[in-house]
Amino acid sequence: METKIFKPNEVEAAAKLLKQGELVAFPTETVYGLGADATNEKAASNVYAAKGRPSDNPLIVTVSSTEMVEQYAQPLSEQVKRLMATFWPGSLTIVLPLRPGTLSKTVTGGLDTAAFRMPKNEVTLKLIATAGIPIVGPSANTSGKPSPTLAKHVFHDLNGKIAGIVDDGPTQVGVESTIIDMSTKTPTILRPGAVTVAELEEVIGDVKADHHHVGANETPKAPGMKYKHYAPSAQVEIVDHITDFDAAMAWAGAQNEAIGVMATDGVLKNLSVPANVETYSLGEDIQSATHLLFAGLRHFDLESEVKVIFTEGFDNTGFGAAYMNRLDKSAGGVHFSK
Ligand code: TXA
Ligand code: MG
């Protein structure tokens with residue numbers, strides 16, 4: 001199969017493919033997604049095959065309107081309506097109880113809930129509205145690899161396995177949406193993203209943050225012991241304190257292999273970088289670092305052979321929670337220690 005690249009003004013052709021049950025990757029403000037007709041069980045199951053994803057992991061249902069959600073979910077509560085009015089289109093995925101029998105087990109993983117999301121991307125909203133069907137939307141990467149923030153990342157992982165990719169340039173946020181479970185008594189954050197706990201609490205009051213996977217302070221007994229995700233081939237090590245970069249560079253300089261370092265400009269400009277160390281700028285601050293994190297990991301994976309990638313850590317609060325959650329998984333929980 002030849003994977004076709006569609007420009008933003010070619011969404012009609014891409015929508016037609018989706019209606020025919022084909023897989024088409026689409027841009028969002030977070031990361032690129034892998035689209036398929038959510039009402040077509042065969043199409044949805046092909047998504048798992050293309051990604052190499054475990055089939056018990058349910059898919060996000062991507063919509064272009066709240067009316068589309070109402071066709072599948074049970075009547076929306078006032079709180080849910082408020083969340084949608086405030087954060088949609090945008091980086092918030094909402095888990096809701098389903099009307100029985102509306103979406104297949106392939107999409108829901110057999111749960112009686114589903115995760116709904118309306119991304120902030122005009123081209124994709126038009127794609128879905130034109131197709132007239134909700135589309136499943138996991139990140140468009142090979143399972144376990146960093147999520148794609150450029151169409152070329154999607155092409156690298158899925159060329160020949162999917163019918164098309166709608167290319168709308170780089171994504172803005174850089175990590176996946178915040179997921180909030182509204183099917184439980186107390187709203188629970190299942191994954192941190194650009195929409196923060198504080199922003200959510202302003203709209204619906206108390207939410208519970210599921211810190212289970214964050215683990216910035218957890219130290220594994222050996223590298224790779226923890227479940228790895230978003231992981232390049234090299235070992236990622238989190239550098240928690242800016243002052244530790246000097247020690248990291250001293251260690252790196254003593255190695256025979258190439259070493260990578262990803263940090264903000266403020267850190268890089270004061271660093272004495274040994275000859276075998278390649279740097280990748282994460283820009284100015286936590287926003288740009290989040291935007292560039294996955295692209296940087298992929299850069300080291302594809303374009304240079306480094307043994308270790310030292311990566312700057314940030315405070316695990318507010319917007320930083322999303323970055324640290326992904327970085328922690330990329331590193332398998334490994335922190336640099338002097
Ligand atoms: O930003 C995003 O959310 C991106 C873009 C492409 O929209 N999509 C994305 O999808 O990250 P994915 O499939 O990689 O992550 C969706 C997560 C999965 O970890 C899945 O376990 C969880 O959502 N999920 C899906 N349905 C669920 C449900 N009913 N209850 C709890 N978690 C659910
Ligand atoms: Mg993913």
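Okay, let's start with the pocket: ligand 1 sits in the largest one. Keep in mind that we're looking at a predicted model here.

So what surrounds the ligand? There are 24 residues around ligand 1, and the ones that come nearest are Thr30, Asn57, Arg117, Ser177 and Arg191. Let me take three of those in turn. Asn57 has a polar side-chain atom 2.5 Å from an oxygen atom of ligand 1. Arg117 also puts a polar side-chain atom by an oxygen of the ligand, this time at 2.7 Å. And for Arg191, an N or O atom of the side chain is 3.0 Å from a ligand oxygen. How much of the ligand does the protein cover? On its own, ligand 1 has 680 Å² of accessible area, and the protein covers 87% of that.

Now, what kinds of residues make up that shell? You'll find 12 nonpolar, 8 polar and 4 charged ones.

Next, which strands do they come from? Find β5, residues 92–97, then β6, residues 113–117, and β10, residues 188–191: each of these gives the shell at least two residues. Which of the elements supplies the largest share? That's β6, with 4 residues.

While you have β5 on screen, step back along the chain into the loop that separates it from α4, which is 78–87; Pro89 is in that loop. Look at the peptide bond that runs from Trp88 to Pro89: it's cis, and omega is near -10°.

Okay, zoom out to the whole chain. We've got 12 helices and 15 strands in the protein chain. Its radius of gyration is 20 Å, close to the 20 Å the globule rule gives for 338 residues, so the chain is as compact as a globular protein of that length. If you'd like a feel for the dimensions, the C-alpha trace spans about 60 × 50 × 35 Å along its principal axes.

To finish, rotate back to the largest pocket, where ligand 1 sits, and look for Asn57 with its 2.5 Å contact to a ligand oxygen.

Definitions and conventions. Residues are numbered from 1 along each chain as its sequence is written. Chains are lettered from A and ligands numbered from 1 in the order in which they are written. This is a predicted model: local features need pLDDT of at least 70, side-chain atom pairs count only at pLDDT 80 or more; totals for chains, interfaces and linings use all residues. Side-chain values use heavy atoms; hydrogens and water are left out. A residue is near a molecule or strand if one of its heavy atoms lies within 4 Å of it. A polar contact is a pair of N or O atoms within 3.5 Å; within protein, one must be able to donate a hydrogen and the other to accept it, and residues adjacent in sequence count only if both atoms are side-chain atoms. Accessible areas come from the Shrake-Rupley method with a 1.4 Å probe; for residues, only the protein chains shown count as cover. On a 1 Å grid over the protein atoms alone, a cavity is a set of points where a 1.4 Å probe fits but cannot get out, and a pocket is an open set with protein on both sides within 12 Å along at least five of seven lines; lining residues have an atom within 4 Å of a point. A molecule sits in a cavity or pocket if more than half of its atoms lie within 2 Å of its grid points. Ala, Val, Leu, Ile, Met, Phe, Trp, Tyr, Cys and Pro count as nonpolar, Asp, Glu, Lys and Arg as charged, and the others, Gly among them, as polar. The radius of gyration is taken over C-alpha atoms; the globule rule is 2.2 Å times the number of residues to the power 0.38.
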